[in-house]
Structures are given as C-alpha cells and as structure tokens.
Amino acid sequence: MILAALPDASPSSIVPPGSSTVLRPILSLETLFRDRFLFQGGQFIEKGDITAIGRSAYVDEDAWTICLGLGLERSGDPWEAAAGITLASCAVAETGSILELSGPERSRLASLCPPIHVVIIPRDRIVATLDEALTHLADRSAVLITGPSRTADIEGVMVRGVHGPGKLYACLT
C-alpha cells in the first residue's frame with residue numbers, strides 16, 4: 001500500500017534483496033562506500049597523485065604491479081617509508097571499511113607502519129555488507145580497516161596515528 005503511493009516505485013527499486021529495511025533508497029555501492037569511508041576519516045586520491053603523498057613507499061607485492069610507472073621509490077623498511085601501499089581484498093560499502101587478507105605477497109606492515117596508508121581498491125571489489133566481505137577469507141587471516149588509526153585518552157580527546165597510520169587514502173581503480 002505504501003509502495004503503491006510512491007511515484008515510480010517498485011519493491012526492487014527501494015529495498016535491496018535480502019534486506020529487512022523498508023523504504024531505504026538504494027545508492028550505488030561505490031557511492032555508499034565513498035560516503036562511509038569519508039565519514040570514518042578516510043580521503044580519496046587519484047592513482048596519478050599517489051607520489052604527492054611521498055616518493056618513498058613500502059608496497060606489498062600485489063599493489064606493486066598497479067604502482068609501476070608512478071615513479072615511486074620502493075622502500076625496504078616500512079618504518080622509514082613515507083607511505084604504505086596495499087591492494088584491498090574488498091571494500092565494505094555499509095561501513096566504509098577495507099578488508100585486506102594477509103599472506104606471503106601481502107604484508108600487513110604496509111598498512112600498519114608508515115604514517116600514511118594508501119589502499120588501492122578495484123571498483124569491482126566493493127561489496128555491500130560485512131557478511132559478504134567475510135566470504136573472501138577462505139581460512140586466511142585478515143585485517144579490517146575502518147578509517148585512520150585513532151584512540152582517545154581518558155578525557156575522550158581523540159588522537160590519530162598513535163597505533164598506526166594517521167592518514168588513510170583510498171584509490172579507486
């Protein structure tokens with residue numbers, strides 16, 4: 001009855017499949033991810049601008065092939081690099097989070113040690129929910145990143161970058 005009163009509304013255009021939320025407008029996964037990622041304190045960067053954040057980068061093997069030709073100096077020490085660059089396993093639209101699997105060619109150090117973390121996210125790896133993202137685990141360990149590192153003291157004063165990168169950039173490809 002409510003749906004009939006809405007102009008040009010059909011249930012499939014209002015309620016995502018499998019959702020119990022009624023009358024929630026559908027945004028594209030990329031738009032929803034962008035909004036939530038920005039809300040969590042992340043920023044977006046274009047691929048060609050990655051070197052603007054620092055020439056020296058600690059880059060995981062999966063991300064290196066995408067970064068070839070950008071003029072980056074590949075650092076061997078994640079603590080000395082200006083930035084860490086990784087390739088996301090997937091991005092979660094509902095939370096603005098990034099899921100990164102660990103493994104031989106995927107160093108967690110790239111996302112944890114440098115003061116800036118740049119994550120490259122292929123657009124086809126943006127998923128709707130955390131449940132959907134967790135299907136990518138396949139018995140591997142992973143890191144779920146939601147915004148830059150932040151912590152608060154006893155008075156509730158928020159400080160960024162104490163336990164990891166103070167800046168988090170996403171580069172959609």
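User: Why does Glu30 count as partly exposed?

Analyst: The relative accessibility of Glu30 is 24%. Buried would require a value under 20%, and exposed a value over 50%. Because 24% falls between these two limits, Glu30 is partly exposed. The model is predicted, and the value is computed from it.

User: What makes the contact between Glu30 and Arg123 a salt bridge?

Analyst: The cut-off is 4 Å between a side-chain nitrogen of Lys or Arg and a carboxyl oxygen of Asp or Glu. The side chains of Glu30 and Arg123 come to 2.9 Å, N to O, so the pair qualifies. In sequence the partners are distant, 93 residues apart: Glu30 is in helix α3, while Arg123 is in the loop between β7 (116-121) and β8 (126-127). Arg123 has a relative accessible area of 39% and is therefore partly exposed.

User: Which residues are linked with Glu30 in a network of salt bridges?

Analyst: Arg34 and Arg123 are linked with Glu30 in that network. The Glu30 to Arg34 bridge has an N to O distance of 3.2 Å, which meets the limit of within 4 Å. Glu30 and Arg34 lie four residues apart in helix α3 (residues 29-39), about one turn of the helix. With a relative accessible area of 27%, Arg34 is also partly exposed.

User: How many salt bridges does the structure hold?

Analyst: There are three. One of them joins the side chains of Glu61 and Arg74, at 2.6 Å, N to O. Glu61 is in helix α4 (residues 61-67) and Arg74 in strand β3 (residues 73-74), so this bridge ties together parts 13 residues apart in sequence. Glu61 is partly exposed at 44%, and Arg74 is partly exposed at 36%.

User: What makes the residues of the largest nonpolar core a core?

Analyst: Membership requires that a residue be buried, be of a listed nonpolar type, and be joined to others through side-chain atoms within 4.5 Å. The largest set that passes has 18 residues, and Cys67, Leu72, Ile85 and Val118 have the most contacts inside it. At least two core residues come from each of β2 (56-59), α4, β4 (83-87), β7 and β12 (167-172). A second core is separate and has 15 residues, among them Ala93, Val119, Ile121 and Ile126.

User: Which residues does Leu72 touch?

Analyst: Leaving out residues up to four places away in sequence, Leu72 touches Ile50, Thr51, Gly54, Arg55, Ala57, Trp64, Cys67 and Ile85.

User: Why are β8 and β9 said to stand at the edges?

Analyst: The open sheet has four strands in the order β8-β5-β6-β9, with mixed pairing. β8 and β9 (142-145) each have a single partner strand, so one side of each lacks a neighbour in the sheet.

User: How do you know that β6 and β9 pair?

Analyst: Two strands pair if there are at least two bridges between them. Strand β6 (residues 97-101) has four bridges to β9, in the antiparallel sense, so the requirement is met. Ile98 is opposite Ile145 in β9.

User: What is the make-up of the protein chain in helices and strands, and what share of its residues counts as buried?

Analyst: The protein chain has six helices and twelve strands. Of its 173 residues, 39% count as buried. Among contacts with a separation of 6 or more, 64% are between residues 24 or more positions apart. The accessible surface of the protein chain is about 9500 Å², and carbon and sulfur atoms hold 56% of it.

Note on methods
Residues numbered from 1 in each chain as written. Predicted model: local features only at pLDDT ≥ 70, side-chain atom pairs only at ≥ 80, totals over all residues. Heavy atoms only, no water. Buried < 20%, exposed > 50% of the residue type's maximum accessible area, 1.4 Å probe, protein only. Contact = heavy atoms within 4.5 Å. Areas by Shrake-Rupley, 256 points an atom, 1.4 Å probe, with all protein chains shown as cover.
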